[in-house]
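Reader: I should be grateful for a close look at the aromatic side chains of this model and their surroundings. Please begin with the charged groups that sit over rings, then proceed to the ring pairs, and finally place them in the setting of the strands and the chain as a whole.

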Amino acid sequence: MSEAPRQPAETKPAATILLLRDEPQFEVLMVKRHHQIDFASGALVFPGGKTHAGDHDPAWADHCLGWDAFDVEQRALRIGAIREAYEEAGILLAEGLDGSDFAEVCDPAVRSAVDRGETPFIDVVKDLGVRLRLDALTVFARWITPTMMPKRFDTWFYAVRAPADQVAAADGREAVDAEWIAPAEVLRLAEAGERTVIFPTRMNVQLLAEATSASDCVARAEARELVTVLPQVEKRGEARFLVIPSNAGYGEVAEPMDRIAAESRAG
């Protein structure tokens, strides 16, 4: 008797954030994953991760700008994206109750407590007297992990201009370095083998590199039709490739599976 086909793992909602700046040139903030993380250790990635239960707290309604513009799912995803940027890079996308941009240094001990689940993120926002800028985030892309993977995520990518007066600093746990870097330089480093940049990140850096500035990137994202990317495996001759929809904005993409595997094992 043949075995029943394995059911794909359930996807978990996740959010990733592209923090952009134009000085000294058009750059994006990327963090380097800790070498002890089991998947893509040492890789350059955008700050991000899966959403947490606290991201869904309805009490956020009093501590966010743009709350009424989004549905329940988008509210939690945007809160999660902002929380991840705070935890991993020390950047808080918020403004004071008087409308001024938040420009303080984020306390590393508090960031760590939020990351460990000891301090609710909403309590930090309340104590700081600020509101999260949900309305500042623009949807950039949406990627779903291929069905053959044991852990799968439904990840939304958001683009936003980074606050001018905040300094990025890695958390030292999940991220060991935070670096402002030009998109073209990320691609060069990946091609040269000097940095590991996993497939979804590399494709989105490639898309990002088509823009000339933070505002141009946001405008392009707003104008682009959102096509959800669920990569599929195709066999061509004796080789297998990961392919994505040709209408998703990345062009015709067929990535050799051996390169995908090598990136996931990188350290």
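Author: In this model, which is a predicted one, the charged end of Arg 78 sits over the ring of Phe 70, at 3.8 Å from the ring centre. A second arginine takes part in an arrangement of this kind: Arg 224 lies over the face of Phe 140, and here the distance to the ring centre is 4.9 Å. The ring of Phe 140 belongs to a residue of strand 8, which covers residues 138-144.

The ring pairs come next. Five aromatic pairs are counted in the model. One of them joins Phe 46 and Phe 157 in an edge-to-face arrangement, with 6.4 Å from centre to centre and 90° between the planes. The partners come from distant parts of the chain, 111 residues apart: Phe 46 is in the loop between strand 3 (44-45) and strand 4 (48-50), whereas Phe 157 is in strand 9, residues 152-161. Phe 46 has a relative accessible area of 4% and is therefore buried. Phe 157 has a relative accessibility of 5%, so this partner counts as buried as well.

Trp 143 and Phe 199 form another edge-to-face pair, whose centres are 5.7 Å apart and whose planes are at 75° to each other. Because Trp 143 lies in strand 8 and Phe 199 in helix 5 (residues 199-208), this pair ties together parts that are 56 residues apart in sequence. Both Trp 143 and Phe 199 are buried. Elsewhere, Trp 60, Tyr 86 and Phe 121 are linked by ring pairs into a cluster.

Trp 143 leads back to strand 9 by way of Thr 155. Thr 155 has its place in strand 9, the strand that also holds Phe 157. Its relative accessibility is 14%; because buried means under 20%, Thr 155 falls into that class. When neighbours within four places in sequence are left aside, the contacts of Thr 155 are with Ala 14, Ala 15, Thr 16, Ala 141, Arg 142 and Trp 143. Among these partners, Trp 143 is the residue that pairs edge-to-face with Phe 199.

Another aromatic residue, Phe 102, appears in the surroundings of Val 130. Val 130 is located in strand 7, which covers residues 130-133, and has 4% relative accessibility, so it counts as buried. Apart from neighbours within four places in sequence, Val 130 touches His 63, Leu 92, Ala 94, Glu 95, Gly 96, Phe 102 and Val 125. As for Leu 92, its C-alpha is 9.8 Å from that of Val 130, although 38 residues separate the two in sequence.

The sheet around strand 7 gives the setting of these contacts. Strands 5, 7 and 6 form an open sheet in the order 5-7-6, and the pairing is mixed. Strand 5 (64-65) and strand 6 (94-96) are the edges; each has a single partner strand, so one side of each has no neighbour in the sheet. Strand 5 and strand 7 run parallel and are joined by two bridges. Cys 64 has Leu 132 in strand 7 as its bridge partner.

One further phenylalanine, Phe 241, belongs to another sheet. Strands 11, 12 and 13 make up an open three-strand sheet, in the order 11-12-13 and with antiparallel pairing. Its edge strands are strand 11 (232-236) and strand 13 (254-256), each of which pairs on one side only. On average, neighbouring strands in this sheet are turned by 40° against each other, direction ignored. Five bridges connect strand 11 with strand 12 (residues 239-243) in the antiparallel sense. Phe 241 in strand 12 stands opposite Glu 234.

For the chain as a whole, the protein contains seven helices and 13 strands. Of its 267 residues, 48% are buried. Among contacts between residues at least 6 apart in sequence, 68% join residues at least 24 apart. The aromatic pair of Phe 46 and Phe 157, 111 residues apart, is one example of a link between distant parts of the chain. The C-alpha atoms fill a box of roughly 60 × 50 × 40 Å along the principal axes. The radius of gyration is 19 Å, which agrees with the value near 18 Å for a compact globule of 267 residues.

Methods:
Residues numbered from 1 in each chain as written. Predicted model: local features only at pLDDT ≥ 70, side-chain atom pairs only at ≥ 80, totals over all residues. Heavy atoms only, no water. Pairing = 2+ DSSP bridges. Helix = DSSP H or I, 4+ residues; strand = E, 2+ residues; numbered from the N terminus. Axes fitted to C-alpha atoms, helices over the stretch in contact; angles between N-to-C directions. Phe/Tyr/Trp six-rings, centres within 6.5 Å; stacked < 30°, edge-to-face > 60°. Buried < 20%, exposed > 50% of the residue type's maximum accessible area, 1.4 Å probe, protein only. Lys NZ or Arg CZ within 6 Å of the ring centre and 35° of its normal. Contact = heavy atoms within 4.5 Å. Rg over C-alpha atoms; globule rule 2.2 N^0.38 Å.
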